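Reader: Hi! I'm new to reading protein models, and I'd love a close look at one small part of this one. Could you pick a spot and walk me through its surroundings?

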Amino acid sequence: MAAAELLATGSTAANSSDLVVASGSTVTVGIKGATTALARVRVTLKDDAGAYTDVGELTPFRPAIAITAPGTYRFTRVAGETCGVYSA
């Protein structure tokens, strides 16, 4: 999979579009453009009722994760600090 922007760098609260991870696939996602140590992006997983549940967080101290579980994920930037999200 080629690198792709999931959430543009910014400082307002924002959600990415959904990222679907297929069974047997691995997708690496990371924080980008973080300007302070306080930057945060929540990683959420969509349940069968369509609600999103927090399952992780990206920060400058945990800048990337590998998602191996199948499902539909969304990334939510916390307002106030500049950052974005990419997949690799």
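**A loop residue and the sheet beside it**

Author: Happily! Let's start with Gly33, which has a relative accessibility of 42% and therefore counts as partly exposed, since that class runs between the 20% limit for buried and the 50% limit for exposed. Keep in mind as we go that this is a predicted model. You will find Gly33 in the loop between S4 and S5.

Now look at what Gly33 touches. Setting aside neighbours within four places in sequence, its contacts are Thr9, Thr82 and Cys83. There is also a link across the sequence to Val85: 52 residues separate Gly33 from Val85 along the chain, yet their C-alpha atoms are 8.5 Å apart.

To place these names, step back to the sheet. Four strands form an open sheet in the order S1-S9-S4-S7, and the pairing is antiparallel. At its edges are strand S1 (4-10) and strand S7 (64-67), each of which pairs on one side only. On average, neighbouring strands in this sheet are turned by 15 degrees against each other, ignoring direction.

Strand S9 is a good one to follow with your finger. On one side, S9 (residues 83-87) is joined by four bridges to S4 (residues 27-32), and the two run antiparallel. Try tracing that pairing: Val29 stands opposite Ser87 of S9, while Ile31 has Val85 as its bridge partner. So Val85, the residue we met 8.5 Å from Gly33, is also a partner of S4 through Ile31, and the antiparallel run of S4 and S9 is the setting for both bridges.

S9 is also joined to S1 by four bridges, again antiparallel. Here Gly10 stands opposite Cys83, and Cys83 is one of the residues that Gly33 contacts. What does this mean for how covered S9 is? Four of the five residues of S9 are buried, so the strand is largely enclosed by the rest of the structure.

Finally, follow the chain beyond the loop to S5. Lys46 lies in this strand, which spans residues 41-46. With a relative accessible area of 35%, Lys46 is partly exposed, because 35% falls between the 20% and 50% limits. Beyond its neighbours within four places in sequence, Lys46 is in contact with Asp18, Ala51, Tyr52 and Thr72. Val20 is 26 residues from Lys46 along the chain, and their C-alpha atoms are separated by 9.9 Å.

Definitions and conventions:
Residues numbered from 1 in each chain as written. Predicted model: local features only at pLDDT ≥ 70, side-chain atom pairs only at ≥ 80, totals over all residues. Heavy atoms only, no water. Buried < 20%, exposed > 50% of the residue type's maximum accessible area, 1.4 Å probe, protein only. Contact = heavy atoms within 4.5 Å. Axes fitted to C-alpha atoms, helices over the stretch in contact; angles between N-to-C directions.
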